[in-house]
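Q: I am new to this structure and would like a close look at one part of it. Please start with a small detail and then work outwards until I can see how its surroundings fit together.

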Amino acid sequence: MASHQFICFLAMMSLMIINISANKACHPDDLKGLNDFKAGIHSDTSGRLSKWIGQDCCNWPGISCNSTTNRVVEIYLPGHYVSGDDESPNFVSSTMSGSISPSISLLTSLQVIDFNKLVRLTGQIPESIGVLKNLKELNLQTNQISSTIPESVFTLTSLTTLNLENNHLTGEISENIGNLQALQKLFLSNNSFTGKIPVSITKLHSISTIHLETNQLVGKIQLPLSPAQWPLIKTLALDNNKLTGVIPDSIGYLATLSSLSISNNQLTGPIPSCLGNIKQLQILKVNNNNFSVEMLPTSICGLTELSVLYVSQNKIHGPLPGCLSSFKYLLDVDIPFKRTVTLPMGVHKQ
């Protein structure tokens, strides 16, 4: 009798071990998607991918899973990261060479893809990425990704962050970008985008940060026609393009804006007085354009939070407003006729 009970006990333990092992195993689609990604990477100086072995992918470096479904929700493999514990952190800088496998689309519960600053990722963004409807963050910053942004990216309506800056992307920015209604942060700078800024960008009602600088964009600056369209905007960076036309008067609607950079374009006309409505503005860069005015608008005196002011290399003929001398936060200036106004002590002159 005791022998029979012992055999039953062993059988139950075996079943428990099998069940535990089964619970730890990744979903087959997640496992294939990750292994195909690994196969597409032929160099990983961090060694993280060498630890992607077995079937318990939720414990692999850089992988996070949902505790209930056991599906992969995050692939976090940045080039710069911290290893070790809080008491003895190790700051690591690494690279990966290879391309992003289309099989990444098998990880249908993904919310975060972060391959930023891996430096040597090449190839294209897979068109199949459009099936990842739960994706909230796509960060491929500072790699060598080429070609255009696939249209399928603009169907990812859960995206809050799209960071593709510092790559080799080309083509026009699709008008379908306006579909990304949850988007809060857009980084497309330092690529080779051409064409006009899409009008639909003004429909991104959750947007706080827009970086389109250092591309080959042409045409006019696109801004909302109503204060309600960009109620959360903080940063608008359009420097180093080929933009023409004037600064729209609707710039004055962007009351929450803290940084406006439109340097190194071909903008003309006056610098609008409605800039003075943006009381939270801390950085204003309009240098190296073709603005032609007798003097800066006196409304600039209302921008008392300014810490950076670049207005040189334009056709500004008259004196600068004397109020600049009382701007207590002003630290960095690039202005013509520096001797016509006394600047606060400690200000760095370009």
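A: **A hairpin and what lies around it**

Let's begin at Gly84, which takes a positive phi near 85 degrees in the hairpin of S4 and S5, where six residues lie between the strands. Before going on, please note that this is a predicted model: local features need pLDDT of at least 70 and side-chain atom pairs count only at pLDDT 80 or more, while totals for chains, interfaces and linings use all residues. Residues are numbered from 1 along each chain as its sequence is written, and side-chain values use heavy atoms, with hydrogens and water left out.

Strand S4 covers residues 80-83 and strand S5 covers residues 90-93; four bridges pair them in the antiparallel sense (pairing takes at least two DSSP bridges; strands are DSSP runs of E with at least two residues, helices are runs of H or I with at least four, and both are numbered from the N terminus). Within this hairpin, Tyr81 has Val92 of S5 as its bridge partner. The ring of Tyr81 also has company: the charged end of Arg48 sits over it, 4.0 Å from the ring centre (this takes NZ of Lys or CZ of Arg within 6 Å of the centre and within 35 degrees of the ring normal).

Arg48 belongs to a stretch with a label in a record. UniProt, in an unreviewed entry, places the feature "domain: Leucine-rich repeat-containing N-terminal plant-type" at residues 27-66, and such annotations may be inferred rather than shown by experiment. In the model, that span is 30% helix and 18% strand, and its end C-alpha atoms lie 12 Å apart.

Now for the aromatic rings. The structure holds three aromatic pairs (ring centres within 6.5 Å, with the six-membered ring used for Trp; planes under 30 degrees apart are stacked, over 60 edge-to-face, the rest tilted). Phe37 and Trp52 make a tilted pair, with 6.2 Å from centre to centre and 40 degrees between the planes. This pair links distant parts of the chain, 15 residues apart: Phe37 is in helix H2, and Trp52 is in the loop between strand S1 (41-44) and strand S2 (63-65). Phe37 counts as buried because its relative accessibility is 1%, and Trp52 counts as buried because its value is 2% (buried is under 20% relative accessible area, exposed over 50%, partly exposed in between, with a 1.4 Å probe and protein chains only). Trp52 also pairs with Trp60, and these two are stacked, with 5.2 Å between centres and 20 degrees between planes. Both Trp52 and Trp60 are buried. With Phe115 added, Phe37, Trp52 and Trp60 form one aromatic cluster.

Phe115 leads us on to the interior. Together with Leu212 and Leu309, Phe115 has the most contacts inside the largest nonpolar core, a set of 89 residues (buried Ala, Val, Leu, Ile, Met, Phe, Trp, Tyr and Cys joined through side-chain atoms within 4.5 Å). Helix H2 (28-39) and strand S3 (72-76) each supply at least two residues of this core, and H2 provides the largest share, three residues. In soluble globular proteins, nonpolar side chains tend to be buried together.

Leu212 touches many residues beyond its neighbours within four places in sequence, among them Ile173, Leu186, Leu217, Ala237 and Leu238 (contact is heavy atoms within 4.5 Å). Ala237 and Leu238 turn up again further along: with the same neighbours left aside, they are among the contacts of Ser261, as are Ile283 and Lys285. Ser261 is found in strand S19 (residues 259-261), and it is buried because its relative accessible area is 7%.

There are also open sheets to find. One has three strands in the order S16-S18-S20, with parallel pairing. Strand S16 (218-219) and strand S20 (266-267) stand at the edges with a single partner strand each, so one side of each has no neighbour in the sheet. S16 pairs with strand S18 (residues 242-245) over two bridges, and Gly219 has Leu243 of S18 as its bridge partner. Another open sheet, also of three strands and parallel, runs S10-S12-S14.

Stepping back, the protein chain has two helices and 26 strands. Buried residues make up 48% of its 350 residues.
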